[in-house]
Amino acid sequence: MARIKPQALLQQSKKKKGPSRISFMTILIYVLIVVVMAFFLYSSYRHWSQRSQFQMEDASLGVEHDNMFGDIKTVSIPKYAVINTSKGLITVELYNEGSPEVVKEFIDSSKKGRFKGRLFNRVIKNFVIQAGDVDRPGTTEDWTSRGKHYNHLDTSLKHEAFMLGTSKAKQDGSRFHLFITTAPIADLNEKISVFGRVVKGEEVVQEIEEVDTDEHYRPKTPIEIIGLTLKQKI
């Protein structure tokens, strides 16, 4: 039997230990796996970043995101509204149980930004401050005469000051007037639908009440509603 030379034996050993070539299909599979993983990570990042953004935007409107898949659930109607005026912040508690229709209309108007830029166009000391559009004919004279009358009355009446309401007169959504009483008023419910009360910022209401007005009770210096935010907690 012939003996194998050492040099031939070494070459055979190198051939056996040489690495096998990776097929094109294997490389393609690896590439696809990397692409899928990258897509999954990118999708997860977008989902959580959008979820965080939605939570921040909807917090003031009473909306929260419920579970990890981003399902949205509308919680109970906002309990508070923060009116940002050029004189400061006024926080009101909303009476949804007592005036659900009025509160709903108020919330809808708030979400549509209808109060932004509105002016307090009537300020009657010891009576009421009003924000909204210019009154319809007859309404201004009525409230002005009532204001003059109540200025001479005892303030220890059954209705409290710092109540939030709107006119009972039929109006479209763009003419939602806001009234905040500055003194107790006996027959408040005859003219105003009360749907809340001031819980913070009474001093701001009083500061607005003390501004100089003309003979029609219009402030000589404009007092503006800069914005309005709805909240669940304060």
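In what order do the eight strands of the open sheet lie?

1. The model is predicted. Its open sheet of eight strands has the order S5-S6-S8-S7-S9-S4-S3-S10, and the pairing is antiparallel. Strand S5 (119-124) and strand S10 (225-231) are the edge strands, each pairing on one side only. From one strand to the next, the twist averages 30 degrees.

2. At the S5 edge, the partner is strand S6 (residues 128-132); five bridges join the two, which run antiparallel. Within this pair, Phe 120 stands opposite Ala 131 in S6.

3. Two helices should be checked against the sheet. Helix H3 (residues 100-111) packs on the sheet and touches strand S3 (80-85), strand S4 (88-94), strand S7 (163-167), strand S8 (178-181), strand S9 (192-200) and S10. The direction of H3 makes about 120 degrees with that of S10. Helix H6 (residues 202-209) lies across S3, S4, S5, S6, S8 and S9. H6 runs at about 120 degrees to S4.

4. Asn 126 is in the loop between S5 and S6. Its phi is positive, about 60 degrees, although Asn 126 is not a glycine. With a relative accessible area of 35%, Asn 126 is partly exposed.

5. Tyr 217 also deserves a look at its backbone: phi is near 65 degrees, a positive value in a residue other than glycine. Tyr 217 sits in the loop between H6 and S10. Is Tyr 217 buried or exposed? Tyr 217 counts as buried because its relative accessible area is 15%, and the cut-off for buried is under 20%.

Conventions
Residues are numbered from 1 along each chain as its sequence is written. This is a predicted model: local features need pLDDT of at least 70, side-chain atom pairs count only at pLDDT 80 or more; totals for chains, interfaces and linings use all residues. Side-chain values use heavy atoms; hydrogens and water are left out. Two strands pair if DSSP finds at least two bridges between them. Helices (H or I, at least four residues) and strands (E, at least two) are DSSP runs, numbered from the N terminus. Axes are lines fitted to C-alpha atoms, for helices over the stretch in contact, and angles run from 0 to 180 degrees between N-to-C directions. Contact means heavy atoms within 4.5 Å. Buried means under 20% relative accessible area, exposed over 50%, partly exposed in between (1.4 Å probe, protein chains only).
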